[in-house]
Amino acid sequence: MKIIKPYIVLLTTVLLSSCSEEFLDLKPISTATSDIFYKTADDFKNALNGGYAGLQAGGLAGNSYVFGEITSDNTVAVASGSVTDQDEFDRFYIKTTNPFISGRWNDAYNVIARYNTILDKIDEVTMDETLKTRYIAETKFLRAVVYFTLVQTFGDVPLILKPVSTPDEGYSFGRTPKAEVYAQIEKDLTDAENVLPVTYAAADMGRATKGAAKAYLGKVYLTQKKYADAASKLKEVIDLGVYELLPSYADVFKVANKNNKESVFDVQYKSGGAGEGNAWPNSFAPQNSGNAVIAFGGDGNNQPTNDIINAYEAGDLRKDVSVATSYTNAAGQVIPDKYIKKYYDVPVAKNDNGNNIPLIRYADVLLMYAEALNEVGYQPNAAAFTYLNMVRTRAGLAKKTAADLPTQQAFRLAIEQERRVELAFEGHRWFDLVRTGRAIPVLNSKKEQIRLVSDLTENNLVFPVPQSQIDINKDKIKQNPGY
């Protein structure tokens, strides 16, 4: 199946700033350059494809496991290389100068600048109006996804909705209250869902769809505890009738099966030496394993904990797909080593794999819907149980009934468990625990096991603002408490 080609890169002159790298590292596109470039429908297609490709950046999808998994009880930091930088997340002594922190901030605002420029320029261009409307909707969707990532990570963040053409203009932006940021995210996603198509032809597979916008909007509502809104919106995703759980959990992650019926929105990757490959399979394979696990070897990143390995119920078919505890080397020796199996490919070069990174898939939608229904009001053996059990049945597990989960709190814990093992190593665990108010009690209860420096507090539920941003704009940008 052909997929969208987000690896088409904008002209170098369009991507470079006419200004120095100052506030937000926005690299604003100069007015003169953008006026020259944005002239035709193809120009906007290329610009938008570049906007999709921007999601691959290390600060966004590329290193998302550092924020979503290493911070949690699912994985630990690599044993060498960038050990200190990742260990800060693992044990929660995160410095304001940590490169993963600045990488997320800078990569997010760089790609937001692209989206804002597209939205600023597209109305001036004569092109098919239906296509123009769709491009606007896709761009708003992408902007919402990135702002959602930012507000989950940092809390209040600068809300920038137009091109920034001068450093002086950049200095005018302070941190916008997260409620206002969420309101804009909701608006962008609502605008997008009303326009985006339900599906695409094969050549455009992987672009943002109506279902993706609805699913993200449901997740945004759920994060804000707007449970009735979340339930309504997630049910709309289900009612579209275009998504389904694949019969085999393993098939969801096979490279040859990308953009399948369970995929709601993925970050697209393509192997083949064009610089658009996914590094995760090599990154997560064991260190010193040679070619025993994957061609060109592994780096040992994001190593599963014993806690997540023991979290799978007996007979859970997802365990062997997701994680391994040993491998056999070239000499036939069995080497004990825990590593993530879920993302596997045969790379043409190291870190050049074809796997997509899923941001939302249908199992996530079903579990969020079940969670929202339960928060609206616990009902024994009602719809929330149905959707929880759809995911469990695919995993080869027995259905849960009201006899197993007799209260709303019991159902909450069942959803927490199911999301942990179903979505393991997909970047959800930390943010799930924060959303449900469970990060502090869950992780503090495992303090010694996961090597926390000290007990987590409310201050740890958001990450520090990069020190560089505070240093260059002290009047407008203030640090989060505790850092």
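Trainee: What makes helix α11 count as mostly covered?

Mentor: In this predicted model, 14 of the 14 residues of α11 are buried. A residue is called buried when its relative accessible area is under 20%.

Trainee: How do you know that the length of α11 fits a helix?

Mentor: Helix α11, residues 210–223, has 14 residues, and the distance from its first C-alpha to its last is 20 Å. The expected value at 1.5 Å a residue is 20 Å, so the two are close. Just after α11, lysine 225 takes a positive phi of about 65 degrees.

Trainee: Why is the span of helix α7 said to agree with expectation?

Mentor: Helix α7 covers residues 99–121, which is 23 residues, and at 1.5 Å a residue these should span 33 Å. Its end C-alpha atoms are 33 Å apart, and therefore the span agrees. Of its 23 residues, 18 are buried, and α7 is thus mostly covered.

Trainee: What makes the pair formed by asparagine 98 and phenylalanine 100 a polar contact?

Mentor: At the start of α7, a side-chain oxygen of asparagine 98 comes within 2.8 Å of the backbone nitrogen of phenylalanine 100. The limit for such a pair of N or O atoms is 3.5 Å, so this pair satisfies the distance condition.

Trainee: Why is glutamate 422 called buried?

Mentor: Its relative accessibility is 0%, and because the cut-off is under 20%, glutamate 422 counts as buried. Glutamate 422 belongs to helix α19, residues 408–422. Its contacts, leaving aside residues up to four places away in sequence, include Tyr249, Glu262, Arg318, Lys342 and Leu367. Glutamate 422 and leucine 367 lie 55 residues apart in sequence, with their C-alpha atoms 9.5 Å apart in space.

Trainee: How do you know that strands β4 and β5 are paired?

Mentor: Pairing requires at least two bridges, and β4 (residues 323–328) and β5 (residues 334–340) have 5 in the antiparallel sense, so they pair. One bridge joins tyrosine 327 to isoleucine 335 in β5. The two strands form a hairpin with 5 residues between them, and glycine 332 in the turn has a positive phi of about 85 degrees.

Trainee: What is known of the crossing of helices α12 and α17?

Mentor: The axes of α12 (residues 227–239) and α17 (residues 362–376) come within 8 Å and cross at roughly 145 degrees. The crossing is left-handed. Among the residues that meet there are Tyr227, Ala231 and Leu234 in α12, and Tyr362, Leu366 and Tyr369 in α17.

Note on methods. Residues numbered from 1 in each chain as written. Predicted model: local features only at pLDDT ≥ 70, side-chain atom pairs only at ≥ 80, totals over all residues. Heavy atoms only, no water. Helix = DSSP H or I, 4+ residues; strand = E, 2+ residues; numbered from the N terminus. Buried < 20%, exposed > 50% of the residue type's maximum accessible area, 1.4 Å probe, protein only. Polar contact = N/O pair within 3.5 Å; in protein donor to acceptor, adjacent residues only side chain to side chain. Contact = heavy atoms within 4.5 Å. Axes fitted to C-alpha atoms, helices over the stretch in contact; angles between N-to-C directions. Left-handed = near helix turned anticlockwise from the far one by under 90°.
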